[in-house]
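Q: Please take a close look at the disulfides in this model, and then go on to the open and closed spaces in the fold. I would like the residues involved, where they sit and how exposed they are.

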Amino acid sequence: MGRYVVRRLLQMIPVFIGATLLIFLMVNVMGDPIAGLCGDRECDPATAAQLRHEFGLDQPVWRQYVTYMGNVFTGDFGTAFNGQPVTELMGTAFPVTIRLTIVAILFEIIVGIILGVVTGLRRGRPVDTGVLLLTLVVISVPTFVTGLLLQLLLGVKWGWIDPAVSSEAAFGELIVPGLVLASVSLAYVTRLTRTSIAENRRSDYVRTAIAKGLPRHRVITRHLLRNSLIPVVTFIGTDIGALMGGAIVTERIFNIHGVGYQLYQGILRQNTQTVVGFVTVLVLVFLVANLVVDLLYAVLDPRIRYA
Amino acid sequence: MRGATHAKWAACAAAVVLAAAACGGGGGDGGSGGGSGGVLSSSWGDPQNPLEPANTNEVQGGKVLDMIFRGLKKYDPETGEAQNMLAEKIETSDSQNFTVTVKDGWTFSNGEKVTAQSFVDAWNYGASLKNNQRNAYFFAYIDGYDKAHPEDGGKQSADTLSGLKVTGPLTFTVRLSQKFSTFPDTLGYPAFAPLPKAFFDDHDAWLKKPVGNGPYQVDNYTRGSQMSLRKWDDYPGPDKAQNGGVDLKVYTDNNTAYTDLIAGNLDLVDDVPASQLKNVKNDLGDRYINTPAGIIQTLAFPFYDNDWNKPGSEKVRKGLSMAIDRKQITDTIFQNTRTPATDWTSPVLGKDGGYKPGLCGDACEYNADEAKKLVKEGGGLPGGQVKITYNADTGSHKQWVDAVCNSINNALDNDRACAGNPVGTFADFRNQITDQKMSGPFRAGWQMDYPLIQNFLQPLYYTNASSNDGKWSSKKFDDLVDQANAETDTAKAVGLFQQAEEVLRDDMGAIPLWYQNGSAGYSDRLSNVKLNPFSVPVYNEIKVG
């Protein structure tokens with residue numbers, strides 16, 4: 001187990017370097033960001049040169065990357081164009097997005113798995129068909145449509161929520177945005193659980209458990225669910241990273257000043273430091289979430305051993 | 001009844017403390033008495049650059065500077081005329097040497113006195129290359145700028161401008177490197193604001209919580225999300241704040257801000273999204289403002305490209321201009337928030353200031369037959385097709401570029417005559433312009449820095465000027481601008497600038513498209529809301545309740 005974790009952690013290093021390098025090159029390919037800093041007019045050449053020097057943009061790209069990575073290991077993610085250290089931006093953005101992600105994941109786990117179990121046990125019945133249809137609708141409608149629609153109905157027409165989330169972004173305010181963010185994944189979780197449950201329901205160990213006369217809820221939670229959860233856990237685990245990075249649309253609609261907003265601003269302003277910094281952290285989140293998922297397998301199914 | 005009045009004031013004070021809603025609605029006629037305590041909330045965008053007077057070149061940061069700073073001059077929110085603010089007088093005998101006397105009795109909100117030194121220090125700071133100020137070029141007319149800010153990349157040999165001299169506690173002199181008669185009128189621009197000692201002593205702390213000398217002071221600033229400004233009670237100026245303060249809230253999207261306004265959670269939106277223009281009359285009624293601003297949209301041409309700069313090209317350019325049905329586009333796409341342009345300035349200048357409707361003449365009137373004829377006479381479109389380049393990330397540029405192309409295609413009876421050429425980000429768009437990579441006309445917008453005809457012509461069309469993106473050049477135009485700058489009589493100067501504009505017209509150096517309006521919407525808690533010629537709300541005059 002210990003060796004497995006160490007091996008996995010070591011494998012992260014090349015993935016991490018490769019991912020950051022790719023992002024770095026991509027942002028660089030977009031051209032000189034200084035040109036956009038002076039509005040609808042050319043920066044005077046001296047100031048532009050000075051700014052380029054300050055942000056290290058006058059160096060060759062490989063040198064920029066090496067310097068950047070060197071700084072990252074000392075915890076210095078550089079400075080955004082508005083003069084704010086990127087770490088400061090992260091300090092304000094990540095807690096907000098993490099809260100949003102937690103809300104979304106909770107929706108996925110609670111609503112998704114319950115719906116999945118219910119439909120999986122009642123395959124072919126009206127409930128099953130109804131939920132299947134509903135998930136189909138959710139999957140096919142883009143997030144921004146759901147988001148704008150809910151915002152208009154709940155926020156403006158009925159006045160149940162504020163259409164925009166305040167800068168504190170407390171948990172209560174994030175329920176609707178969290179639901180919107182989770183919606184597509186929620187539908188997938190439901191369908192995954194449903195299939196998995198329906199398949200395992202006919203397996204020998206479930207029949208044995210029922211034959212032993214175990215109560216129904218115990219059969220479902222201890223035997224059926226535990227074995228059916230492995231694909232679902234994999235999905236939810238990888239989804240954590242995707243949700244954090246993919247919050248751009250939801251955050252824009254509901255005015256949430258989180259990671260998505262900072263990334264969007266960073267890309268618009270071609271701010272390498274902001275974009276690479278945030279993506280670096282997202283890559284880390286993704287990798288760690290994957291590792292945790294892999295370790296969870298052993299908990300769910302003790303036959304899985306790590307050498 | 002006395003007791004009741006006191007109670008009302010107490011309630012007002014409480015409301016200020018709580019930064020809460022209106023008070024005093026019950027008594028009186030809603031005049032300055034009751035409403036002065038309320039705080040309003042307004043939409044805001046995250047400023048792109050650090051908030052310093054000489055470093056702010058976009059509207060969002062400018063909005064704040066306008067609230068916390070007052071300079072030597074201030075532009076009248078109605079007429080745009082430059083009026084003395086902190087300046088007692090600005091005198092000159094030769095349009096090149098100016099003596100400035102600062103009014104006595106002004107202080108910064110931290111108690112420091114505003115002196116001549118406050119201005120000179122601020123200007124030196126703004127001009128000095130090592131401070132990286134984006135607006136440094138505003139000081140370029142002052143003598144010694146080339147030493148403090150060598151444009152050619154040479155070494156900076158002076159930290160201060162030799163043209164600035166403090167001659168007394170409240171007086172200083174400015175020597176310019178060339179004659180510039182309207183120089184005093186430029187001094188209302190925020191880059192020329194005075195700075196307190198605190199700015200230089202602890203720069204980081206100042207940036208976290210800027211201190212100025214305007215009607216508001218910064219109470220609380222959380223970067224990227226909100227700035228709370230409160231009325232500065234001891235503000236010595238005549239334009240005191242009529243409300244208790246303003247909370248500027250950063251919105252990720254102006255559509256969300258608009259939704260928040262409709263839902264009653266926000267008081268003021270100063271940028272109504274294009275997609276909502278159709279509903280805005282229904283939603284807000286007369287709480288929607290749509291007034292002219294000092295912004296003009298044009299199509300510039302790459303004069304560095306021989307295809308666009310050969311004999312006869314001016315006919316092609318004029319033909320293209322005549323092929324654009326400005327009226328129809330401003331009606332349908334912009335819902336009349338733009339006005340078809342008939343000159344190269346803006347209506348906010350007024351007739352005396354140099355705005356001359358119709359100066360463009362026939363060349364700006366839609367006339368398909370004439371357009372076809374002119375393009376043909378000029379040798380046809382270079383390469384058989386024009387591509388209009390624009391940035392697709394902000395604004396609704398795609399919509400109007402497509403409409404302009406449609407109009408051109410129809411007028412020229414050719415489906416392939418014009419096509420849009422989108423560029424992903426604004427920075428990349430600017431990149432291609434700076435690198436002179438444009439192969440056809442491209443979007444050019446100009447938001448004025450100060451309401452002077454000089455500002456609409458010189459930076460944009462003077463040979464090698466800072467914003468002359470198309471590199472149009474005309475000796476005759478340059479000479480007329482120089483003469484106008486040397487002219488001390490304003491009316492004569494304006495006349496010379498207009499003659500220069502005619503030179504621009506005859507060569508069709510850029511196609512004027514339309515003048516842009518500022519648009520804003522507000523909640524029923526507010527009254528006396530208006531936009532100044534820079535399309536920024538006049539915050540200090542807004543009444544709450």
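A: Happily! Let's start with B:C360 and B:C364, which are joined by a disulfide with an S to S distance of 1.9 Å (the term covers a pair of cysteine sulfur atoms within 2.5 Å). A word on conventions: residues are numbered from 1 along each chain as its sequence is written, and chains are lettered from A and ligands numbered from 1 in the order in which they are written. The model is predicted, with local features needing pLDDT of at least 70, side-chain atom pairs counting only at pLDDT 80 or more, and totals for chains, interfaces and linings using all residues, while side-chain values use heavy atoms and leave out hydrogens and water.

The link of B:C360 and B:C364 is right-handed, with 75° about the S-S bond. Both B:C360 and B:C364 are buried (under 20% relative accessible area, against over 50% for exposed and partly exposed in between, with a 1.4 Å probe and protein chains only).

Over all chains, the structure holds two disulfides. B:C405 and B:C418 form a disulfide with 2.0 Å from S to S. The torsion about the S-S bond of B:C405 and B:C418 is about -45°, so this disulfide is left-handed. B:C405 belongs to helix α15 (residues 397-412) of chain B and B:C418 to strand β15 (residues 418-423) of chain B, so the pair ties together parts that are 13 residues apart in sequence. Helices here are DSSP runs of H or I with at least four residues, strands are E runs of at least two, and both are numbered from the N terminus. B:C405 has a relative accessibility of 4% and therefore counts as buried. B:C418 has 5% and so counts as buried too. With the bonded cysteines of chain B numbered in sequence order, the pairing reads 1-2, 3-4.

From the cysteines we can go on to the enclosed spaces. Two terms come first: on a 1 Å grid over the protein atoms alone, a cavity is a set of points where a 1.4 Å probe fits but cannot get out, a pocket is an open set with protein on both sides within 12 Å along at least five of seven lines, and lining residues have an atom within 4 Å of a point. Grid points are joined across faces, edges and corners, and a volume is the space filled by probe spheres set on the points.

By this rule there are six cavities of 30 Å³ or more. The largest cavity has a volume of about 200 Å³. Its lining is made of 22 residues, with B:T298, B:A300, B:A444, B:L460 and B:S467 nearest the centre. Two or more lining residues each come from β12 (288-300), α16 (426-434), β16 (442-447) and α17 of chain B, and β16(B) gives the most to this lining, with five residues. By class, the lining of the largest cavity splits into twelve nonpolar, six polar and four charged residues (nonpolar being Ala, Val, Leu, Ile, Met, Phe, Trp, Tyr, Cys and Pro, charged Asp, Glu, Lys and Arg, and polar the others, Gly among them).

The second largest cavity, with a volume of about 110 Å³, is lined by residues of both chains, including A:F81, A:R269, B:D46 and B:Q48. Helix α11 (residues 259-268) of chain A gives the largest share of this lining, three residues. The lining of the second largest cavity has three nonpolar, seven polar and two charged residues.

Turning to open spaces, the second largest pocket has a volume of about 780 Å³. It is lined by 32 residues, and B:Y137, B:A140, B:N464, B:A465 and B:S466 are the closest to its centre. In chain B, α5 (145-148), α6 (183-186) and α17 (453-461) are the elements that give two or more residues to this lining. The most comes from α17(B), with four residues. The lining of the second largest pocket divides into 14 nonpolar, ten polar and eight charged residues.

One last stop in chain B is B:S95, where phi is near 65°, a positive value in a residue other than glycine. B:S95 sits in the loop between β4 (87-92) and β5 (97-102) of chain B, and with a relative accessible area of 1% B:S95 is buried.
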